[in-house]
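Please examine the sequence and the structure shown below before reading on. The paragraphs that follow begin with a pair of helices and then turn to the chain and its partner.

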There are 2 protein chains.
Amino acid sequence: MIRILRLYKCGSPIVIIMNKHYLEKADINTPKLFETEIVSNQTVEIVPDESAFFGVRSVPVGTNREVFVGGDRFILDFGCHCVGYLSFRLRHDTAYLDAPVQLKLRFGETPYEMSRDYASYHGGLCASWLQEDTVSVDFPEIVKMPRRYCFRYLEVTVLKTPRPVRLTDFTVTCISSADWNKLEPLPAGTDPELIAIDRVAAKTLADCMQTAYEDGPKRDRRLWTGDLRLQALTDYYLFRNDRLARRCLYLFAACEEDGKFLPGCLYQKPSVFFDEGMGITDYAMLWTAALCDYFTHTGDEETTRDLFPVAKCQMDLACSRICEDGSFAFLGGWFSFIDWAKNIQQMLPCLGVILYAMEKMAALAASLGETECAAAWNEKLCKTRNNIYASFFDAERNCFIDTRSEKPQYSVQAQAWLILGGVITGETAQSVLKQCLASPDALKPVTPYMHHYVVEAMIKLDMKEEALAYIKSYWGSMIQNGADTFWEAYDPKNPELSPYGDVIINSFCHAWSCSPSYFIRKYFI
Amino acid sequence: MIRILRLYKCGSPIVIIMNKHYLEKADINTPKLFETEIVSNQTVEIVPDESAFFGVRSVPVGTNREVFVGGDRFILDFGCHCVGYLSFRLRHDTAYLDAPVQLKLRFGETPYEMSRDYASYHGGLCASWLQEDTVSVDFPEIVKMPRRYCFRYLEVTVLKTPRPVRLTDFTVTCISSADWNKLEPLPAGTDPELIAIDRVAAKTLADCMQTAYEDGPKRDRRLWTGDLRLQALTDYYLFRNDRLARRCLYLFAACEEDGKFLPGCLYQKPSVFFDEGMGITDYAMLWTAALCDYFTHTGDEETTRDLFPVAKCQMDLACSRICEDGSFAFLGGWFSFIDWAKNIQQMLPCLGVILYAMEKMAALAASLGETECAAAWNEKLCKTRNNIYASFFDAERNCFIDTRSEKPQYSVQAQAWLILGGVITGETAQSVLKQCLASPDALKPVTPYMHHYVVEAMIKLDMKEEALAYIKSYWGSMIQNGADTFWEAYDPKNPELSPYGDVIINSFCHAWSCSPSYFIRKYFI
């Protein structure tokens with residue numbers, strides 16, 4: 001049932017044990033990739049614009065001329081966000097090209113990236129994520145770039161050419177495992193703002209749908225449990241690629257290790273692999289939630305039963321770390337993510353995630369006839385909710401707060417997640433959430449991912465109107481600020497927001513931002 | 001019998017008419033490429049050395065370590081000149097590579113190139129010939145570089161990596177259409193200096209033998225008539241790839257245009273093509289000489305008869321431009337090459353080339369029973385020799401010189417070629433050649449190509465001892481000065497010699513330098 005992968009680490013082989021059955025299941029569910037060709041000869045300039053969110057905008061300057069000499073530079077706009085393979089035609093002009101031609105190709109998802117010199121990057125993540133390559137072409141030919149790029153804008157600089165060179169037919173073969181034919185149009189009469197948000201959300205998800213649900217096709221191009229949960233959930237309402245959801249669930253299941261939470265992310269190439277130090281407690285819980293969603297939306301009992309033992313182990317492991325006082329003892333080496341908000345305290349929101357998943361798992365167990373599990377988890381749920389309330393709810397301040405920590409933190413993240421975890425309900429919960437969202441002192445979410453769970457908490461509390469306004473003001477304003485696809489991180493008041501120290505490394509098509517389509521299609525049509 | 005290729009020029013189609021039959025013959029004679037793998041983990045440093053020809057030498061510093069971080073740099077020595085495809089293995093070290101790895105690869109044939117920053121290049125040819133590329137690797141894998149490179153030394157710079165990266169298994173898959181199994185070893189007892197020269201010459205030729213006889217695999221990678229003649233001639237004594245010689249003769253024949261000399265060079269990719277402005281009178285004559293050589297060495301009458309009409313037209317065209325006074329009227333747009341010596345006057349040596357080819361063509365015509373041609377050319381030969389002698393031989397100065405030119409030039413090139421053209425013979429010719437070679441005022445050859453014809457003239461004049469000494473002092477000293485393969489341009493007294501303004505753009509494996517093996521194997525064993 002297991003296979004062993006050998007990889008070299010510091011010169012010595014290391015052994016990773018993976019579940020062969022689950023890997024095979026993941027493998028046979030690898031989805032087909034659809035191809036779409038997009039051609040551009042639309043040249044743009046990036047100009048300063050104080051009224052624009054990032055201070056620049058792209059201005060069309062006409063169709064591209066075809067003949068260039070050394071030092072020439074132009075920016076093409078492909079008109080929409082693209083994930084795929086670039087090709088172009090390189091020919092001689094007045095005379096045969098008697099030496100290689102060297103070009104620099106620089107790709108960006110947004111005009112802002114194009115306005116920046118990538119050499120000025122000052123962020124913390126490796127600069128190699130910035131998409132910039134040189135290519136030497138030995139003969140006139142159709143040049144096919146071997147790497148997959150993610151971009152709307154392409155800057156071409158002719159570094160070296162012996163003679164004038166003719167560059168034409170810039171084409172992207174876009175790839176995605178989303179089948180646009182399966183997408184139902186929204187009903188006639190739907191609020192145009194929602195139609196716009198849904199369209200951008202669908203495009204965001206589609207561009208992240210490859211052989212797995214990637215987090216961002218520009219960066220990191222990995223499958224993360226937390227992103228997977230929102231992607232699959234939204235996909236049930238958009239492209240319905242159940243096969244892809246199934247594959248992703250199996251991929252993580254194959255990585256299960258005794259006494260550990262599932263890895264937070266995994267790589268598909270060169271073969272399925274996960275790295276140490278990527279254990280994320282809340283993400284492991286969301287994998288179990290994703291399995292519950294899968295069963296709800298597909299009814300596929302065979303797969304669900306096949307994966308249930310893994311989900312059970314994960315949930316039992318989480319339960320075992322919940323203390324009598326309602327606090328959570330993180331497993332050594334395992335952290336919690338929750339949101340990219342600075343210095344966020346994670347224990348309270350993480351408890352909320354655990355309870356949220358536990359409630360779904362108890363229901364799933366009951367559906368599958370696993371009555372013992374269902375009973376145990378329901379009991380644990382009830383007890384833990386009470387203990388958390390007793391230990392962490394400050395009735396005077398009307399919020400959850402960990403007063404035992406050095407600097408007790410008042411955060412939307414903790415309130416929203418503990419509401420989703422069912423620790424408080426009804427009007428109490430409504431007032432807690434509203435007060436926290438309105439408080440200038442409270443820590444606020446900065447990622448669309450965490451904003452999703454705020455909206456989910458609102459809907460749970462029958463605050464549908466507020467939820468709709470929230471979606472419009474957050475995701476809607478991202479569109480007004482130029483988003484073709486929804487971004488990894490967004491604070492309408494802070495264009496410099498980046499979890500990594502420099503906005504140009506941010507992913508501007510990020511899967512965890514796609515969930516407005518889920519809300520719109522489930523609740524608002 | 002003809003086909004039409006359409007190519008675009010300034011946006012409008014241009015038409016090139018090529019001979020279909022000859023193209024097909026060229027095509028079916030495309031040779032097989034042999035592959036040889038060379039692996040290196042030998043690291044070297046390039047250090048200054050005043051005693052070295054180029055002022056630097058390569059010093060081994062041990063086997064390469066395997067793990068590198070951003071900014072690391074190393075130079076590998078593959079131990080011999082290589083033409084082929086580079087691959088290497090890229091893996092993670094202490095942790096999985098969670099971002100692409102970007103490397104710069106810089107290739108050089110000599111330590112001198114490696115000692116220079118290619119950005120400092122100041123020559124006239126396009127800098128894109130300098131072999132330097134960056135590559136971004138998205139996943140740990142065996143990286144196969146798509147371009148063919150020509151080098152002995154490889155500098156790897158780790159531009160960007162998220163974590164320590166393991167780089168191993170640097171391998172070149174060398175390609176050549178030379179079959180080393182066909183090479184006869186020199187007889188036991190052969191002068192070790194000649195053995196060394198023969199070995200370097202054979203390697204030079206082999207590395208230029210691809211799907212055509214290339215001039216230089218680093219630059220220009222084209223088939224030139226002048227180079228072809230020496231390559232094929234030498235190859236009859238080394239690898240005997242008659243098929244390749246046949247292909248190359250056909251390729252040029254396919255390019256014949258009415259009333260024009262054959263193009264001086266042609267390209268094989270994307271399809272067979274020749275460019276305007278590359279008509280070289282002496283080179284066209286050497287194509288006819290190459291056909292005569294082909295018949296002499298292969299006895300392949302069918303091919304020779306098939307190509308004879310083209311050679312006849314070329315020779316008749318040359319004859320028609322020879323004036324009554326023995327001078328030559330260059331066809332508009334056609335120039336002559338002869339040698340890279342600065343400001344060389346070309347008419348006299350070019351006349352020598354024409355007579356040299358005419359004598360061979362007359363003999364070939366006689367062998368094929370083309371008696372009319374043979375008689376006409378023999379008559380023209382005799383008459384032209386007399387006229388040239390009358391017009392251009394200065395008996396007092398004991399040399400050929402064009403006193404009608406503004407600055408009459410005394411050159412080895414003119415003496416050698418007019419001797420090969422049979423205008424003077426015997427002791428007169430010996431004394432003319434010796435005196436010119438010894439004269440400090442005379443223009444001297446700077447290319448191994450022209451040096452070949454000086455040696456050929458010596459052998460024609462029964463100066464075998466001088467010829468041998470000349471080979472040893474010219475080609476032999478190139479080996480002493482570090483040549484793994486013979487160079488495009490070499491003046492033992494001037495390491496800065498470059499026809500293009502900067503030595504690093506010179507080709508250090510250049511086909512027209514391979515002919516010592518021809519002399520050694522034909523005359524000196």
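Which residues in α6(A) meet which residues in α7(A)? The model in which this is to be answered is a predicted one. From α6(A) come A:Ala284, A:Met285, A:Trp287, A:Thr288, A:Leu291, A:Tyr294 and A:Phe295. They meet A:Thr304, A:Leu307, A:Ala311, A:Gln314, A:Met315 and A:Ala318 in α7(A). Sorted by class, this contact comprises ten nonpolar residues, three polar residues and no charged residues.

The geometry of the pair can also be stated. Two packed helices are described by the angle between their axes and the distance between the axes. Helix α6 of chain A covers residues 281-298, and helix α7 of chain A covers residues 301-320. The two pack at an angle of about 145°, and their axes are 9 Å apart. The crossing in which α6(A) passes α7(A) is left-handed.

These helices belong to a chain with 14 helices and 16 strands. The radius of gyration of chain A is 25 Å, close to the 24 Å that the globule rule gives for 525 residues; chain A is therefore as compact as a globular protein of that length. Along the principal axes, the C-alpha atoms of chain A fill a box of roughly 80 × 55 × 50 Å. Of the 525 residues of chain A, 50% count as buried. Contacts within chain A also link distant parts of the sequence: among those between residues at least 6 apart in sequence, 75% join residues at least 24 apart.

The next topic is the partner chain. In the contact between the chains, 35 residues of chain A touch 35 residues of chain B. On the side of chain A that touches chain B, at least two residues are supplied by each of β1 (2-9), β8 (101-108) and β9 (132-137) of chain A. The most comes from β9(A), which gives three residues. The residues of this side of chain A divide into 17 nonpolar, six polar and twelve charged.

How is chain A related to chain B? A turn of 180° with a shift of 0.0 Å along the axis lays chain A on chain B with an RMSD of 0.0 Å. This is the relation of a two-fold axis. The same surface serves both copies, since 100% of the contact residues of chain A recur in chain B. Of the residues of chain A, A:Thr134 comes closest to the rotation axis, with its C-alpha at 3.1 Å.

Methods. Residues numbered from 1 in each chain as written. Chains lettered and ligands numbered in written order. Predicted model: local features only at pLDDT ≥ 70, side-chain atom pairs only at ≥ 80, totals over all residues. Contact = placed C-beta atoms within 7 Å. Helix = DSSP H or I, 4+ residues; strand = E, 2+ residues; numbered from the N terminus. Nonpolar A, V, L, I, M, F, W, Y, C, P; charged D, E, K, R; others polar. Axes fitted to C-alpha atoms, helices over the stretch in contact; angles between N-to-C directions. Left-handed = near helix turned anticlockwise from the far one by under 90°. Rg over C-alpha atoms; globule rule 2.2 N^0.38 Å. Buried ≥ 20, exposed ≤ 12 C-beta atoms within 10 Å, placed from the backbone. Least-squares fit on C-alpha atoms with pLDDT ≥ 70 in both.
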